Each structure stands twice: as structure tokens, then as C-alpha cells.
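Work through the exercises below with the sequence and the three-dimensional picture side by side. Try each task before reading its solution.

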Amino acid sequence: MHGGRVPMFKMKPQRGTLWLAIVVFLVGVVAFFDGHRDPGDIAAHDRANAFLAVTVVVSGILMIIATSRMWFKHLWHDRYGRR
């Protein structure tokens with residue numbers, strides 16, 4: 001596996017997934033403010049609220065995935081002494 005070497009797990013979040021979570025959240029915020037632009041359109045307000053709720057949940061799941069290595073204590077150390 002990997003040329004006879006054991007993979008190294010570092011205590012860093014996965015950058016791609018973390019940026020994706022931020023982008024998804026920002027898209028939700030922009031859609032929320034766009035939906036609330038017209039004060040008389042109640043249906044658009046409801047859709048904007050629902051869309052923001054969905055993007056917050058998806059962003060939260062992506063944040064958990066991005067920091068998943070930090071949730072397991074057995075990955076917190078360098079077991080093989082690499083420096």
C-alpha cells in the first residue's frame with residue numbers, strides 16, 4: 001500500500017470540503033436576501049427561508065466531513081515516528 005509506506009494523517013481539515021461548505025453557505029445567504037428583497041412576496045420569503053435552512057444543513061454536514069479526522073483520537077498522533 002503506497003509503496004510499502006503507511007499513510008500519514010495530519011490534524012488539518014480538508015481544504016476543498018471546507019471551502020465548499022463556505023461557498024454553499026454564502027449561496028444560501030445570497031438567495032435568502034434575494035428572496036426577501038420584495039416585502040410583498042410572501043411565497044418568495046418562504047422559499048428563501050427554506051433554501052437557507054437547507055444550505056445551513058448541507059454546509060454543516062460538509063463542515064463535519066471536513067473536520068472528520070479531528071473527531072477520532074486514534075488519528076491524533078504520529079504512530080510511526082515521522083518528523
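The exercises that follow concern a predicted model, and each one is solved step by step.

**Exercise 1. Describe how helix α1 and helix α2 are packed, and decide how they are oriented.**

Step 1. In general, two packed helices are described by the angle between their axes and the distance between the axes.

Step 2. Helix α1 covers residues 15-35 and helix α2 covers residues 42-66; their axes are 8 Å apart and make an angle of about 170°.

Step 3. Angles over 145 degrees count as roughly antiparallel, and therefore α1 is roughly antiparallel to α2.

Step 4. Sorted by class, the residues in the contact of α1 with α2 are 19 nonpolar and seven polar, with no charged residues.

**Exercise 2. Find the residues that make the nonpolar surface patch, and state which helix gives the largest share.**

Step 1. The patch has an area of about 480 Å² and is made by W19, I22, F25, L26 and V56.

Step 2. The largest share of this patch, four residues, comes from helix α1.

Step 3. W19, one of the patch residues, has its place in helix α1, and because its relative accessible area is 56%, above the cut-off of 50%, W19 is classed as exposed.

**Exercise 3. Determine how many salt bridges the structure holds, and describe the surroundings of the partners.**

Step 1. The structure holds one salt bridge.

Step 2. This salt bridge joins R37 with D34, and the closest N and O atoms of the pair are 2.8 Å apart, which lies within the limit of 4 Å.

Step 3. R37 counts as exposed because its relative accessibility is 65%, whereas D34, at 43% relative accessibility, counts as partly exposed.

**Exercise 4. Classify T55, L62 and A53 as buried, partly exposed or exposed, and give for each a residue distant in sequence together with the C-alpha separation.**

Step 1. T55 has its place in helix α2, and since its relative accessible area is 6%, T55 is buried. Although T55 and A31 are 24 residues apart in sequence, their C-alpha atoms are 10.0 Å apart in space.

Step 2. L62 is also found in helix α2, and with a relative accessibility of 14%, L62 counts as buried, because the cut-off for that class is under 20%. L62 and L18 are separated by 44 residues in sequence, while the C-alpha to C-alpha distance is 6.8 Å.

Step 3. A53 lies in helix α2 too, but at 43% relative accessibility A53 counts as partly exposed. A53 and F32 are 21 residues apart in sequence and 9.6 Å apart in space, again taken from C-alpha to C-alpha.

How values were computed
Residues numbered from 1 in each chain as written. Predicted model: local features only at pLDDT ≥ 70, side-chain atom pairs only at ≥ 80, totals over all residues. Heavy atoms only, no water. Patch = residues over 30% accessible without salt bridge, like charges linked within 9 Å, V, L, I, M, F, W, Y side chains within 5 Å. Areas by Shrake-Rupley, 256 points an atom, 1.4 Å probe, with all protein chains shown as cover. Salt bridge = Lys/Arg side-chain N within 4 Å of Asp/Glu carboxyl O. Helix = DSSP H or I, 4+ residues; strand = E, 2+ residues; numbered from the N terminus. Buried < 20%, exposed > 50% of the residue type's maximum accessible area, 1.4 Å probe, protein only. Axes fitted to C-alpha atoms, helices over the stretch in contact; angles between N-to-C directions. Parallel < 35°, antiparallel > 145°, perpendicular 65-115°, else oblique. Nonpolar A, V, L, I, M, F, W, Y, C, P; charged D, E, K, R; others polar.
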